[in-house]
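I opened this notebook to learn a structure I had not seen before. My plan is to go from the whole chain down to single residues.

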Amino acid sequence: MGELLALATEAAGGHHLAAIQLPVSLVMMTPITQALHGRGPLPAAADAGLRVMASAPLHGGELPGMVGQELADLIRPGLTPAQACVLAVASCPGVTNVLLAASGAPHWREAADAVAEPSLAAAKLREITGVLASP
């Protein structure tokens, strides 16, 4: 993050960044696991006063088909696989916004319902990443 801010300052004679965007999902878990340990771009962005926009929370629409109801229920009982994936990303420490595309109003409502859920605790996110990282 320091390097990014230095480059922005060098390029523009001072940085005016308000946010960063990076992929965060249950497939691309590195930012989540790093943030759970207080490392990586998410806490660094928060420390720099930047918003973090998590993109690709559904991994290009592929993730809901890869997540079974058992994993969705581990994340939060009663959610669909898509909602569980979105909630996991929205609950990641340092994430302030979740960016996603939806094919229609029902998908937008499903995503909005997911982010309206109470955030997952860090311990729950650790449990989920541990389950997904195990062979």
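**Entry 1: the overall pattern.** I read along the sequence and noted the order of elements in the protein chain: α-β-α-α-β-α-α-α-β-α-α. I counted them up as eight helices and three strands. I remind myself that this is a predicted model.

**Entry 2: size and surface.** I looked up the extent of the chain. Along the principal axes, the C-alpha atoms fill a box of roughly 50 × 35 × 25 Å. Then I checked the radius of gyration. The protein chain has 16 Å, and a compact globule with 135 residues would be near 14 Å, so the two agree. I also noted the accessible surface, which comes to about 7,100 Å². Carbon and sulfur atoms hold 58% of that surface. As for burial, 35% of the 135 residues count as buried.

**Entry 3: contacts and charges.** I asked what share of the contacts between residues at least 6 apart in sequence join residues at least 24 apart. I found 70%. For charges, I listed 6 positive and 10 negative side chains. The centres of these two sets lie 6 Å apart.

**Entry 4: the sheet.** Which order do the strands take in the open sheet? I read it as β1-β2-β3, three strands with parallel pairing. The edge strands are β1 and β3, since each pairs on one side only.

I then went through the pairs. Strand β1 covers residues 19–23 and strand β2 covers residues 51–55. They run parallel and are joined by five bridges. Within this pair, Q21 stands opposite M53 of β2. P23 has S55 in β2 as its bridge partner.

On to strand β3, which is residues 97–98. It pairs with β2 in the parallel sense, over two bridges. Here M53 turns up again, standing opposite N97 in β3.

**Entry 5: the faces of β1.** I wanted to know which side chains of β1 are buried. I20 and L22 point to one face and are buried. A19, Q21 and P23 point to the other face and are not buried. I wrote down the general rule beside this: in a regular strand the side chains alternate between the two faces of the sheet.

**Entry 6: helix α6.** How many of the ten residues of helix α6 are buried? I found nine, so this helix, residues 81–90, is largely enclosed by the rest of the structure. The buried ones are P81, A82, Q83, A84, C85, V86, L87, A88 and V89.

Next I looked up what these buried residues pack against. Two strands are on the list, β2 and β3. The helices on it are α4 (63–66), α5 (69–75), α7 (105–116) and α8 (122–133).

**Entry 7: M28.** I found M28 in the loop between β1 and α2 (30–36). Is M28 buried or partly exposed? Its relative accessible area is 35%, and buried would need under 20%, so M28 counts as partly exposed. I set aside its neighbours within four places in sequence and looked for contacts. M28 is in contact with P23 and H59. The C-alpha atoms of M28 and H59 are separated by 8.1 Å, with the two residues 31 apart along the chain. P23 I had already met at the pairing with S55 in β2.

**Entry 8: H59 and A56.** H59 led me to the loop between β2 and α4. I noted a positive phi of about 50 degrees for H59, although it is not a glycine. H59 is partly exposed, with a relative accessible area of 26%.

A56 is found in the loop between β2 and α4 too. Its phi is also positive, about 55 degrees, and A56 is not a glycine. I looked up its exposure as well. A56 has a relative accessible area of 31%, which makes it partly exposed.

How values were computed: Residues are numbered from 1 along each chain as its sequence is written. This is a predicted model: local features need pLDDT of at least 70, side-chain atom pairs count only at pLDDT 80 or more; totals for chains, interfaces and linings use all residues. Side-chain values use heavy atoms; hydrogens and water are left out. Helices (H or I, at least four residues) and strands (E, at least two) are DSSP runs, numbered from the N terminus. The radius of gyration is taken over C-alpha atoms; the globule rule is 2.2 Å times the number of residues to the power 0.38. Buried means under 20% relative accessible area, exposed over 50%, partly exposed in between (1.4 Å probe, protein chains only). Contact means heavy atoms within 4.5 Å. Accessible areas come from the Shrake-Rupley method with a 1.4 Å probe; for residues, only the protein chains shown count as cover. Lys and Arg count as positive and Asp and Glu as negative; His and the chain ends are not counted. The place of a charge is taken as NZ of Lys, CZ of Arg, CG of Asp or CD of Glu. Two strands pair if DSSP finds at least two bridges between them.
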